[in-house]
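Work through the exercises below with the structure open beside you. Try each task before you read its solution.

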Amino acid sequence: MAADQRTIQLTIAEARRIAVRAQLLDRPRPADVLEVVRRLTLLQADQTKVVAPNADLVLWSRIGSAYDRDELADLVAAHELIELDGMLRPAEDIALYRAEMDAMADGGTLEGWQRSTWEWVDANDGCRRDILDRLADSGPLTSRQIPDTTVLPWRSSGWNNGRNVRMLLELMVARGEVAVAGHEGRDRLFDLATRIYPDRDYPPLEDALQLRNERRLAALGIARAKATKQPGEPIDVGETGEEAEIDGLRGRWRVDPGQLQRLDEPLQGRVAILSPLDRLIMDRKRMQELFEFDYQLEMYKPAAKRRWGYYALPVLSGDLLVGKVDAAADHEVGVLRIEEIHADEPFAAGLTEAVQDELADLARWLELDLEG
């Protein structure tokens with residue numbers, strides 16, 4: 001690594017090592033579930049169970065078969081992890097979103113679509129109050145269990161038409177009035193936010209946004225200063241961290257200072273089997289630039305057009321993404337079925353054995369026999 005007073009110069013290999021370390025995919029493996037989530041800052045709460053729900057699969061990738069799935073459920077039930085915007089987050093991080101919720105509830109500074117949604121909630125204030133009263137009396141409910149007393153229906157391009165209560169609940173979450181309390185099957189349970197969120201002071205909006213950028217950069221290790229806006233969690237980090245350039249790549253990057261201090265340490269790499277929604281690869285542009293990895297989640301493609309399988313799991317070896325595993329858990333039969341292992345380049349014998357060991361650990365964790 002070379003540096004001048006303005007910009008740090010990194011090789012692509014150094015940038016990869018930073019990303020892998022930040023995501024706790026090196027050695028030694030972490031052991032504490034809550035501390036892992038605090039380091040990662042979030043787990044996407046996707047309930048697809050082709051192999052296992054994403055949050056569980058991400059934790060297994062870090063901890064291994066010592067990870068107890070009940071521990072995650074217990075942390076959610078105890079409100080030490082809280083779902084917000086489709087992500088499980090440490091309870092203390094909710095404070096970084098409260099000022100934004102206040103702004104959504106107040107409505108005074110909102111513009112564009114946010115102003116339109118505020119006006120829609122205001123037009124349905126009677127239903128909003130009904131929901132708050134019903135939750136206060138009964139505790140957590142799904143949207144299906146709440147009568148629709150809206151007077152102005154939700155209008156969209158078609159996907160959410162008629163889902164008035166669900167849309168109102170989501171906007172009440174954005175306003176900090178209700179919160180996700182858990183799940184009943186695939187349906188979210190909602191309760192009063194005062195019962196879910198920690199009762200603590202929170203920073204003003206500008207400070208909160210800066211702290212969120214810092215937390216995001218610490219979890220990613222290296223990220224773009226600016227990126228195209230996308231639904232859900234942002235992938236850029238603003239001006240936090242240190243400015244960097246990566247050999248052969250265009251644009252401005254930001255690096256977590258803590259990771260720069262470890263840059264001269266050899267990476268204690270290992271083989272890891274990843275969820276398709278793993279944070280290491282969710283920014284597909286960064287994935288392609290840093291890892292030169294060709295990958296898409298193909299579950300929405302016709303079977304004939306899939307290259308790697310319905311729910312292929314990326315394979316990490318050290319700081320390289322080297323292949324995909326077409327796998328599915330069949331709990332009725334009691335097997336973890338491996339349809340195929342797609343190697344981007346032929347695996348050496350040691351790598352083949354390490355991948356097989358990791359798949360055996362996955363089957364053991366799922367309490368299934370390994371087949372294929």
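## Exercise 1: A loop residue and its contacts

Asp247 touches Gln9, Leu10, Thr11 and Ile12, once its neighbours within four places in sequence are set aside. Contact here means heavy atoms within 4.5 Å. The model is predicted: local features need pLDDT of at least 70, side-chain atom pairs count only at pLDDT 80 or more, and totals for chains, interfaces and linings use all residues. Residues are numbered from 1 along each chain as its sequence is written, and side-chain values use heavy atoms, with hydrogens and water left out.

Task: place Asp247 in the chain, then state how far Asp247 and Ala13 are apart in sequence and in space.

Solution.
- Step 1. Find the element. Asp247 sits in the loop between β9 (242–246) and β10 (253–255). Helices (H or I, at least four residues) and strands (E, at least two) are DSSP runs, numbered from the N terminus.
- Step 2. Check the exposure. Asp247 has a relative accessible area of 41%, so it is partly exposed. Buried means under 20% relative accessible area, exposed over 50%, and partly exposed in between (1.4 Å probe, protein chains only).
- Step 3. Compare sequence with space. Asp247 and Ala13 are 234 residues apart in sequence, and their C-alpha atoms are 9.6 Å apart.

## Exercise 2: Salt bridges

Task: find the partner of Arg144 in a salt bridge, and say why the pair ties together separate parts.

Solution.
- Step 1. Apply the criterion. A salt bridge is a side-chain nitrogen of Lys or Arg within 4 Å of a carboxyl oxygen of Asp or Glu. The structure holds 29 of them.
- Step 2. Name the partner. Arg144 pairs with Asp187, and their closest N and O atoms are 2.7 Å apart.
- Step 3. Locate both ends. Arg144 is in the loop between α7 (125–138) and α8 (164–174) and Asp187 is in strand β7 (residues 187–192), so the bridge ties together parts 43 residues apart in sequence.
- Step 4. Add the exposure. Arg144 is exposed at 69% relative accessibility. Asp187 is partly exposed at 24%.

Task: what separates Glu289 and Lys285 along helix α13?

Solution.
- Step 1. Identify the bridge. Glu289 and Lys285 form a salt bridge of 3.0 Å, N to O.
- Step 2. Count along the helix. The two are 4 residues apart in α13 (residues 284–291), so about one helical turn separates them.
- Step 3. Look at the acid. Glu289 has a relative accessible area of 18%, so it is buried.

Task: which residues share a network of salt bridges with Asp125?

Solution. Arg128, Arg129, Arg175 and Glu177 are linked with Asp125 in that network.

## Exercise 3: Two packed helices

Task: describe how α7 and α8 pack.

Solution.
- Step 1. Choose the quantities. Two packed helices are described by the angle between their axes and the distance between the axes.
- Step 2. Read the values. The angle of α7 to α8 is about 75 degrees, and the axes are 11 Å apart. Axes are lines fitted to C-alpha atoms, for helices over the stretch in contact, and angles run from 0 to 180 degrees between N-to-C directions.
- Step 3. Classify. α7 is therefore roughly perpendicular to α8. Angles under 35 degrees count as roughly parallel, over 145 as roughly antiparallel, 65 to 115 as roughly perpendicular and the rest as oblique.
- Step 4. List the contact. α7 brings Cys127, Arg128, Ile131 and Leu132, while α8 brings Leu168, Leu169 and Met172.

## Exercise 4: The open sheet

Task: in what order do the strands of the open sheet run, and which stand at the edges?

Solution.
- Step 1. Give the order. The sheet has 5 strands, β11-β12-β13-β14-β15, with mixed pairing. Two strands pair if DSSP finds at least two bridges between them.
- Step 2. Find the edges. β11 (271–273) and β15 (369–371) each have a single partner strand, so one side of each has no neighbour in the sheet.
- Step 3. Note the twist. It averages 30 degrees from one strand to the next.
- Step 4. Take one pair. β13 (residues 320–330) and β14 (residues 335–343) are antiparallel over 8 bridges. Gly323 has Ala343 of β14 as its bridge partner.

## Exercise 5: Backbone exceptions

Task: where is the cis peptide bond that involves Pro28?

Solution.
- Step 1. Recall the background. Most residues other than glycine have a negative phi, and most peptide bonds are trans.
- Step 2. Locate the bond. The cis bond joins Arg27 and Pro28, with omega about -5 degrees. Pro28 lies in the loop between α1 (12–22) and α2 (33–40).
- Step 3. Turn to phi. Leu24, not a glycine, has a positive phi of about 60 degrees. Leu24 is also found in the loop between α1 and α2.
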